[in-house]
Amino acid sequence: MANEFKPNVGSTVSKKEAMEWMDKYDQEMRKDKSKDTRSIFYGREMLEKILNDKSVAGITFCFALKYNDAVKKETLQLVLVPTREDGTFVWGDESEAAKGGGGGVVAYDGGVHCPPYCG
């Protein structure tokens, strides 16, 4: 399985196909359209920070549930975890990460959720 976690993993998809998949998710999974997560935005700086570590082959986007104060319920979240080519996560040193030191990171969160913030 180690060959699956290369920096070049991923491919493009047509707008039509992407929209079909997103619409299907919206219809089947978002029961409360005013509160259930439709999308999450992460900025370039955070993504570049993760990918600047040369030991990182890419990012694993993990699904999670977390209470969202803006909509007052648990919602779908993404936790971004730096990942090596062998598929292991780069957790780093929590104490150093909390201090902002060079000890690595634990994971990333804090994207902008839609709803309530939709473009």
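Where is valine 112 found? Valine 112 sits in strand β4, and this report will come back to that strand after a look at the whole chain.

## The chain at a glance

Welcome to this structure, which is a predicted model. The chain contains three helices and four strands. If you follow the sequence from its start, these elements come in the pattern α-β-α-β-β-α-β.

The chain has 119 residues, and 23% of them count as buried. Its accessible surface comes to about 8600 Å², and carbon and sulfur atoms hold 56% of that. Contacts can also be sorted by how far apart the partners are in sequence. Among contacts in the chain with a separation of 6 or more, 55% are between residues 24 or more positions apart.

## The nonpolar core

Which residues make up the largest nonpolar core? There are nine: Ile40, Tyr42, Met46, Ile50, Val56, Leu78, Leu80, Val90 and Tyr108. Helix α2 (44-51) and strand β3 each provide at least two residues of this core.

## Strand β4: two neighbours to compare

Strand β4 covers residues 112-114, and histidine 113 is part of it. Is histidine 113 buried or exposed? With a relative accessibility of 8%, histidine 113 counts as buried, because buried means under 20%. Its side chain makes a polar contact with the side chain of glutamine 77, at 3.1 Å. Apart from neighbours within four places in sequence, histidine 113 is in contact with Thr37, Ser39, Ile40, Asn68, Leu76 and Gln77. One of these, Ile40, also belongs to the largest nonpolar core.

Valine 112, also in strand β4, has a relative accessible area of 40% and is partly exposed. Leaving out neighbours within four places in sequence, valine 112 is in contact with Ser39, Ile40, Phe41 and Tyr117. Phe41 and Tyr117 also join valine 112 in a nonpolar patch on the surface, with about 350 Å² of accessible area together. Another residue to look for is glycine 43: the C-alpha atoms of valine 112 and glycine 43 are 9.0 Å apart, although 69 residues separate them along the chain.

## Salt bridges across the chain

Side chains of opposite charge can pair when their charged atoms come close. How many salt bridges does the structure hold? It holds six, and three of them are described here, starting with lysine 6.

Lysine 6 forms a salt bridge with glutamate 85, and their closest N and O atoms are 2.9 Å apart. This pair links distant parts of the chain, 79 residues apart: lysine 6 is in the segment before α1 (15-29), while glutamate 85 is in the loop between β3 (73-83) and α3 (94-99). Lysine 6 is partly exposed at 32% relative accessibility, and glutamate 85 is partly exposed at 34%.

Another salt bridge joins the side chains of lysine 73 and aspartate 36, at 2.5 Å from N to O. Lysine 73 lies in strand β3 and aspartate 36 in the loop between α1 and β1 (39-41), so the pair ties together parts that are 37 residues apart in sequence. Lysine 73 is partly exposed, with a relative accessible area of 25%, whereas aspartate 36 is buried, with 13%.

The side chains of lysine 66 and aspartate 109 also meet in a salt bridge, at 2.5 Å from N to O. Here lysine 66 is in strand β2 (residues 58-68) and aspartate 109 in the loop between α3 and β4, 43 residues apart. Lysine 66 is partly exposed, with a relative accessible area of 39%, and aspartate 109 is partly exposed too, with 31%.

## Backbone details worth a look

Which peptide bond involving cysteine 114 is cis? The bond from cysteine 114 to proline 115 is cis, with omega near -10°. A cis peptide bond also joins proline 115 and proline 116, with omega about 10°. Proline 115 is placed in the segment after β4, and proline 116 is found in that segment as well.

Lysine 72 is another spot to visit, in the loop between β2 and β3. Lysine 72 has a positive phi of about 60°, although it is not a glycine. With a relative accessible area of 57%, lysine 72 is exposed.

Methods: Residues are numbered from 1 along each chain as its sequence is written. This is a predicted model: local features need pLDDT of at least 70, side-chain atom pairs count only at pLDDT 80 or more; totals for chains, interfaces and linings use all residues. Side-chain values use heavy atoms; hydrogens and water are left out. Buried means under 20% relative accessible area, exposed over 50%, partly exposed in between (1.4 Å probe, protein chains only). A polar contact is a pair of N or O atoms within 3.5 Å; within protein, one must be able to donate a hydrogen and the other to accept it, and residues adjacent in sequence count only if both atoms are side-chain atoms. Contact means heavy atoms within 4.5 Å. Patches are made of residues with over 30% relative accessible area and no salt bridge: like charges are joined within 9 Å, nonpolar side chains (Val, Leu, Ile, Met, Phe, Trp, Tyr) within 5 Å. Accessible areas come from the Shrake-Rupley method with a 1.4 Å probe; for residues, only the protein chains shown count as cover. A salt bridge is a side-chain nitrogen of Lys or Arg within 4 Å of a carboxyl oxygen of Asp or Glu. A nonpolar core is a set of buried Ala, Val, Leu, Ile, Met, Phe, Trp, Tyr and Cys residues joined through side-chain atoms within 4.5 Å.
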